[in-house]
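Reader: I have a new structure open in front of me, and I would like some help reading it. Could we go through it together?

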Amino acid sequence: MAAVRGGGGGGRRVAGTSPAAAGASSAGPGACGCQGRRSCLLCEEAAPPPQKKENFVYCPLTGLAVGERPSGFAGWAFPFPGVFLLDDFISLEEESKIVELTDQNAWKPSQSGRRKQDYGPKVNFKKQKLKVTDFSGLPQFSQELVTRMRNHPSLAGFLPVEQCNLDYDPARGSAIDPHLDDCWLWGERLVSLNLLSSTVLSMSCDSEDGIQLFPAFPSTEEQMHGSASLSVSQNHHQPISFASAEGLRNTIQWEADCCSSTKVVPSKDITVGVHLPRRSLVVLYGPARYMWNHAIYRNHITSRRICITFRELSEEFSHGGEQEELGRKLLEIALTFQGTPV
């Protein structure tokens with residue numbers, strides 16, 4: 001069963017130190033933040049952990065996960081709900097300014113070769129306790145980002161109470177293990193802005209439950225992959241017009257309805273790659289939030305990447321919830337947009 005984690009994907013839990021992490025001392029004090037099973041290039045003494053390969057790729061135009069051509073699932077597809085992807089959410093100039101502002105604050109070593117900056121309450125997810133002390137709100141530059149997010153129907157009413165900046169670098173072997181974010185404090189939508197380089201969000205499931213696949217007909221598959229494959233190993237994104245996307249959806253629906261040839265495979269045998277272009281915004285909700293683990297594997301970090309993740313409150317801390325008053329206090333602090341990293 002994958003770990004359930006809190007802010008920044010790492011929670012604030014301390015586990016027993018692994019042999020790999022113990023070797024971090026050779027890289028210098030504070031060079032590595034790895035604990036437990038996790039490791040990075042700064043602390044690994046043995047061979048690096050194996051990198052999982054995606055056998056489906058998510059198509060944002062259709063909401064389908066389509067079998068990768070080199071895999072045994074080529075020619076098959078299934079609906080993959082709970083992902084909303086916006087290309088070019090910010091401009092190159094805005095990206096440059098945001099990176100400049102984040103780099104003005106100190107980055108703390110985190111697990112698996114990442115560095116982090118937290119803007120949120122201090123939380124013990126295991127004991128389900130939190131402290132407001134030292135939480136001064138989200139950073140000022142995020143105010144415009146949040147306003148822009150809320151203009152999209154999928155993010156209507158979105159009020160982030162926490163922001164976590166994560167810095168990935170191939171020189172450190174940066175990655176994040178498959179996990180589900182905490183559900184006690186954090187709510188339905190997880191929103192991440194992908195900066196500086198493209199990457200792949202790898203979605204996997206531990207369940208033995210079956211997933212029904214239907215054929216992606218050659219004509220449909222060719223349209224979805226375009227003239228070049230939508231392989232998760234690629235670092236480019238090919239936009240398709242709204243008209244062609246609508247026609248593609250109708251074609252897929254017709255083919256699915258008219259086809260009786262399907263097969264069922266265990267969920268645990270499937271890994272879906274969600275390609276995240278540079279400067280894109282991705283939202284996970286519903287099944288993609290609560291049923292599918294998400295990860296970033298080392299082989300998908302080819303140059304520096306900064307991920308800015310925003311989280312909203314769960315129902316327990318929202319209007320009518322048992323801890324509504326505490327939730328209101330947290331939001332009041334968060335939305336001052338005068339915060340510094342905790």
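**Cavities, strands and cysteines**

Author: Gladly! Let's begin with the enclosed spaces: the count comes to three cavities of 30 Å³ or more. Please keep in mind that this is a predicted model.

Reader: What shows where empty space is left?

Author: Rolling a probe the size of a water molecule over the atoms does that. Here, the largest cavity has a volume of about 250 Å³.

Reader: Which residues lie nearest the centre of the largest cavity?

Author: Look for Ser192, Leu201, His294, Cys307 and Thr309, which belong to a lining of 21 residues. Sorted by class, that lining has twelve nonpolar, six polar and three charged residues.

Reader: Which strand gives the largest share of the lining?

Author: That is β19, with four residues. Among the other strands that each supply at least two lining residues are β12 (186–195), β17 (281–284) and β18 (293–296).

Reader: Now for the sheet. How do strands of a sheet pair?

Author: They pair through backbone hydrogen bonds, either parallel or antiparallel. In this model, an open sheet of seven strands follows the order β5-β17-β12-β19-β10-β7-β6, and the pairing is antiparallel. β5 (83–86) and β6 (108–109) stand at the edges with a single partner strand each, so one side of each has no neighbour in the sheet.

Reader: How many bridges join β10 to β19?

Author: Seven bridges link β10 (residues 162–168) with β19 (residues 305–313), and the two run antiparallel. To find one example on screen, start at glutamine 163, whose bridge partner in β19 is phenylalanine 310.

Reader: And aspartate 181: is it buried or exposed?

Author: Aspartate 181 is buried, with a relative accessible area of 1%. This residue lies in strand β11 (residues 176–181), and a polar contact of 2.6 Å joins its side chain to that of arginine 311.

Reader: My last topic is cysteines. How many disulfides does the structure hold?

Author: Zero. Cysteine 32 is in no disulfide, and the nearest cysteine sulfur, in cysteine 34, is 3.3 Å away. A disulfide needs the two sulfur atoms within 2.5 Å.

Reader: Why is cysteine 43 without a bond to cysteine 32?

Author: The closest cysteine sulfur to that of cysteine 43 is in cysteine 32, and because they are 3.8 Å apart, they are too far for a bond. Cysteine 32 counts as buried at 16% relative accessibility, and cysteine 43 counts as buried at 1%.

Terms used: Residues numbered from 1 in each chain as written. Predicted model: local features only at pLDDT ≥ 70, side-chain atom pairs only at ≥ 80, totals over all residues. Heavy atoms only, no water. Buried < 20%, exposed > 50% of the residue type's maximum accessible area, 1.4 Å probe, protein only. Pairing = 2+ DSSP bridges. Polar contact = N/O pair within 3.5 Å; in protein donor to acceptor, adjacent residues only side chain to side chain. 1 Å grid on protein atoms, 1.4 Å probe; cavity = no way out; pocket = protein on both sides within 12 Å on 5 of 7 lines; lining within 4 Å. Points joined across faces, edges and corners; volume = space filled by probe spheres on them. Nonpolar A, V, L, I, M, F, W, Y, C, P; charged D, E, K, R; others polar.
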